[in-house]
Every structure is written in C-alpha cells, then in structure tokens.
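Trainee: I'm new to this structure and would love a close look at one stretch of the chain. Could you pick one loop and follow it outward to its surroundings?

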Amino acid sequence: MRATQRLTASQGALLVIDLQEKLVAAVADGSRVAANAVRLVRGARVLGVPAQATEQYPKGLGPTVAALAELLPDRPPKTTFACSSLPSVLEQFYGRQVRHVTLAGVEAHVCVAQTALELMELGFRVQVVADAVGSRDPFDRDVALRRLETAGAAISTTEAVLFEWCETADRPEFKAISALVKERV
C-alpha cells in the first residue's frame with residue numbers, strides 16, 4: 001500500500017486502545033484525548049467505519065471511560081501491549097477486508113506504538129490520530145509519533161480523519177460529520 005494512499009471509510013477501521021479511566025487521568029491532556037477518541041467513534045458510526053476498543057488489564061487499571069464504553073460495549077481485555085495479539089481484533093479486520101487502521105488511545109509510546117508497528121508489519125496501512133493519543137509524559141508521546149511516522153504510519157488529527165472518511169460534502173452524512181468537527185473539546 002502506498003504511503004500517499006487516502007484512508008477511506010470503505011476500507012478502514014478504527015481501533016481505540018486502552019482508554020481507561022485510570023490511564024486517562026494520568027495522561028497529559030487526557031480528557032482531550034478521550035473526547036477526540038469518542039468523536040472518532042461517533043464519526044465512524046455515522047460513516048459505517050468498523051470500530052472496536054481494547055482494555056489493558058482492566059482488573060488493575062479499571063474500566064473504560066464511560067462515554068466510550070457506551071459506544072463500544074465489547075472491549076476485549078489484554079495484558080500484552082500490542083492489540084494485534086488479540087485474535088478478535090485481527091479477525092474483525094480480516095473479516096471486513098480492512099486495509100488501513102486508524103488508531104487512538106493510550107499510551108502512545110507503549111500500546112499504541114506497539115500495535116501500530118505490528119499492524120504495519122502485517123501489511124496494514126496505519127494512521128495515528130495525534131490529538132486522540134496520549135502518554136503520561138508529553139515527551140514520550142511526541143517521540144512515539146515521530147518514530148511511528150518514520151516507520152511509515154500516517155499522523156493525522158481528529159478533524160482530518162473525519163473529513164477524509166467522509167470524502168465529500170455531497171453525501172448525506174456530511175452534516176453530522178461537520179457537527180462533530182465543530183464540537184468544542
């Protein structure tokens with residue numbers, strides 16, 4: 001897949017990684033990261049983009065933030081850092097013939113990075129949403145984004161992703177996507 005290839009709703013999927021209350025509370029600008037991830041999930045629903053979420057060791061790290069848990073009630077637990085180790089995650093991608101995956105969640109330099117690298121190794125094009133990923137230390141997040149971009153991931157923003165998935169202002173879903181973009185975070 002070419003690095004310049006557009007990331008469309010028809011061939012894409014969204015994966016929200018470990019957006020749990022305890023983690024979000026510890027992440028720099030965590031409430032903004034969570035709000036943007038929720039906007040992405042809502043946009044994915046409007047446009048028919050398959051979306052799923054994971055939880056890192058929920059017994060110790062607690063539940064997913066409520067707004068996301070309502071939208072994505074099925075969140076497989078994991079103890080590995082890379083989400084691609086979960087058979088259910090990959091089965092959904094392969095079953096829906098997903099070619100590129102958009103990632104949001106925490107922590108950027110651990111679970112998000114390891115998931116992105118493994119997905120690219122498996123042949124998926126990966127997009128990381130810079131304003132929907134975070135780490136406890138902003139420096140770790142910034143280094144992770146640079147590393148992932150160097151490795152071939154596309155780095156984008158919530159607004160850019162929503163409009164790229166939408167593709168045109170002529171489609172009926174545009175109004176709903178435009179409203180999501182205008183929401184204040």
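Mentor: Happily! Let's start at Asp18, which lies in the loop between strand E1 and helix H1; helices (H or I, at least four residues) and strands (E, at least two) are DSSP runs, numbered from the N terminus. Please keep in mind that this is a predicted model, where local features need pLDDT of at least 70, side-chain atom pairs count only at pLDDT 80 or more, and totals for chains, interfaces and linings use all residues. Residues are numbered from 1 along each chain as its sequence is written, and side-chain values use heavy atoms, with hydrogens and water left out.

Asp18 has a relative accessibility of 0%, so it counts as buried (buried is under 20% relative accessible area, exposed over 50% and partly exposed in between, with a 1.4 Å probe and protein chains only). Its backbone deserves a look too: phi is near 55°, a positive value in a residue other than glycine.

Step back into E1 (12-17) and you reach an element that gives two or more residues to the lining of the largest cavity, as do strand E2 (51-56) and helix H5 (87-95). A cavity is a set of points on a 1 Å grid over the protein atoms alone where a 1.4 Å probe fits but cannot get out, and lining residues have an atom within 4 Å of a point. Grid points are joined across faces, edges and corners, and the volume is the space filled by probe spheres set on the points. The count comes to one cavity of 30 Å³ or more, and the largest holds about 40 Å³ of space. Its lining residues are Ala13, Leu14, Pro50, Ala51, Gln52, Gln92, Phe93, Arg96 and Val98.

Now go the other way, past H1 (21-26), to Ala28 in the loop between H1 and helix H2 (30-47). With 29% relative accessibility, Ala28 counts as partly exposed. Setting aside neighbours within four places in sequence, Ala28 is in contact (heavy atoms within 4.5 Å) with Val33, Ser135, Arg136 and Pro138. Pro138 is 110 residues from Ala28 in sequence, yet their C-alpha atoms are 6.3 Å apart in space.

So our walk from one loop has taken in buried Asp18, the cavity that E1 helps to line, and the contact between Ala28 and Pro138.

Key
On a 1 Å grid over the protein atoms alone, a cavity is a set of points where a 1.4 Å probe fits but cannot get out, and a pocket is an open set with protein on both sides within 12 Å along at least five of seven lines; lining residues have an atom within 4 Å of a point.
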